[in-house]
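Take a moment to turn the structure around before you read on. We'll start with one helix and then visit a handful of residues.

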Amino acid sequence: MAISPISGMGLVMAAVPSNTTAENLEKTIAKLEKQREEYRLHSDALDNNRTIKNLEERLNNLENRLSKLKERQEEQDGECQTCANRKYQDGSDDPGVSFKTATAVAKGAAEAAVRGHEQEHVVREQYNAEKNGLEVVSQNVRIKYAICPECGDSYCAGGVTTTVTRPKTESPLEVSDRAEHNEQAENPEKKALENRFAVGVFDKDEEYGKLLNTVA
């Protein structure tokens, strides 16, 4: 007869509760590991060796169940620890945009948050170009993605907005209007006389006014 490490009881298999949870499985595994170590103290008995082998097989099955159960729980939670702790921060020198301090964003909401942030850059670059007498040639927003090293899921890793500007070019009409405006600013009295004489009247002495075109 094999020597039992549990006096008068022989091998006691720990039952797995019907409402299996990770905590219940961990408790069951701990009990079986303790039993296995007790049987190993008497490993010279053939029946004990056979019992140890059965315990190890049962432990392997329970550990696999525990691993799969934890994976399912992580999927239900939606985020692994790395994804849950991920933060986003703006790296530009523009003080008027969001995320100037590191901010945590849920994985499911990260892409929308990044796209909204990059749109802020688009609008502000357009405003700054107009303020500095530049015109926007092109704007491009690129959203970056990466793979989480812990859970293997793809996630939004940030974004980059690129704006190309150049000095504004004036049309001939804009050049003419600007020249006329400058002339008026330099000689307001001459402009006042031109307006008084109107088209078709010309003051030859002062050379003010506007000639009326004649036809033969």
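A residue is called buried here if its relative accessible area is under 20%, exposed if over 50%, and partly exposed in between. Keep in mind that this is a predicted model.

**Helix α4**

With that cut-off in hand, which residues of α4 are buried? They are K107, A110, V114, H117, E118, H121, V122 and A129. Here's a handy bit of background: an α-helix has 3.6 residues a turn, so residues three or four places apart point the same way. What do the buried residues of α4 pack against? Their partners are α3 (81–84), β1 (87–88), β3 (134–147) and β4 (154–167).

You can also check the length of α4. The helix covers residues 107–131, which is 25 residues. At 1.5 Å a residue, α4 should span 36 Å, and its end C-alpha atoms are 37 Å apart, so the two values agree. After α4 comes G133, which has a positive phi, near 70°.

**The whole chain**

Now zoom out. The chain has 6 helices and 6 strands, and along the sequence they run α-α-α-β-β-α-β-β-α-α-β-β. Out of the 216 residues in the chain, 22% are buried. The accessible surface comes to about 15,300 Å², with 49% of that belonging to carbon and sulfur atoms. Take the contacts between residues at least 6 apart in sequence: 49% of these join residues at least 24 apart. And if you go hunting for aromatic pairs, a search of the whole structure finds 0.

How confident is the predictor? The average pLDDT of the chain is 74, and 63% of the residues score at least 70. Over residues 1–18 the pLDDT is below 50, and this stretch has 36 contacts in the model beyond near neighbours in sequence. Residues 207–216 also have a pLDDT below 50, with 20 contacts counted in that way.

**Four residues to look up**

Here are four residues with their places and accessibilities.

| Residue | Place | Relative accessible area |
|---|---|---|
| R86 | loop between α3 and β1 | 12%, buried |
| H121 | helix α4 | 9%, buried |
| Q139 | strand β3 | 25%, partly exposed |
| C151 | loop between β3 and β4 | 29%, partly exposed |

Let's begin with R86. Why does R86 count as buried? Its relative accessible area is 12%, and the cut-off for buried is under 20%. Leaving aside neighbours within four places in sequence, R86 is in contact with T103, A104, V105, C148 and Y155. Y155 deserves a second look, as R86 lies over the face of Y155, at 3.5 Å from the ring centre.

H121 takes us back to α4. Its relative accessible area is 9%, so H121 is buried. Setting aside residues within four places in sequence, the contacts of H121 are D90, S92, D94, V97 and T161.

Next comes Q139, in strand β3. With a relative accessible area of 25%, Q139 is partly exposed. Not counting residues up to four places away in sequence, Q139 touches V122, E125, Q126, T162 and T163. One of these, V122, is also among the buried residues of α4. How far apart in space are Q139 and T163, C-alpha to C-alpha? The distance is 4.5 Å, although 24 residues separate them in sequence.

C151 sits in the loop between β3 and β4. At 29% relative accessibility, C151 is partly exposed. Once neighbours within four places in sequence are left out, C151 is in contact with C80, C83 and K107. K107 is another of the buried residues of α4. C151 and T82 are 69 residues apart along the chain, yet their C-alpha atoms are separated by 8.1 Å.

**One last stop**

Finally, find F99 in the loop between β1 and β2 (103–104). The phi of F99 is near 60°, a positive value in a residue other than glycine.

How values were computed:
Residues are numbered from 1 along each chain as its sequence is written. This is a predicted model: local features need pLDDT of at least 70, side-chain atom pairs count only at pLDDT 80 or more; totals for chains, interfaces and linings use all residues. Side-chain values use heavy atoms; hydrogens and water are left out. Helices (H or I, at least four residues) and strands (E, at least two) are DSSP runs, numbered from the N terminus. The expected span of a helix is 1.5 Å times one less than its number of residues. Buried means under 20% relative accessible area, exposed over 50%, partly exposed in between (1.4 Å probe, protein chains only). Contact means heavy atoms within 4.5 Å. pLDDT is the predictor's confidence in each residue, from 0 to 100. Accessible areas come from the Shrake-Rupley method with a 1.4 Å probe; for residues, only the protein chains shown count as cover. Rings of Phe, Tyr and Trp (its six-membered ring) pair if their centres lie within 6.5 Å; planes under 30 degrees apart count as stacked, over 60 as edge-to-face and the rest as tilted. A charge sits over a ring if NZ of Lys or CZ of Arg is within 6 Å of the ring centre and within 35 degrees of the ring normal.
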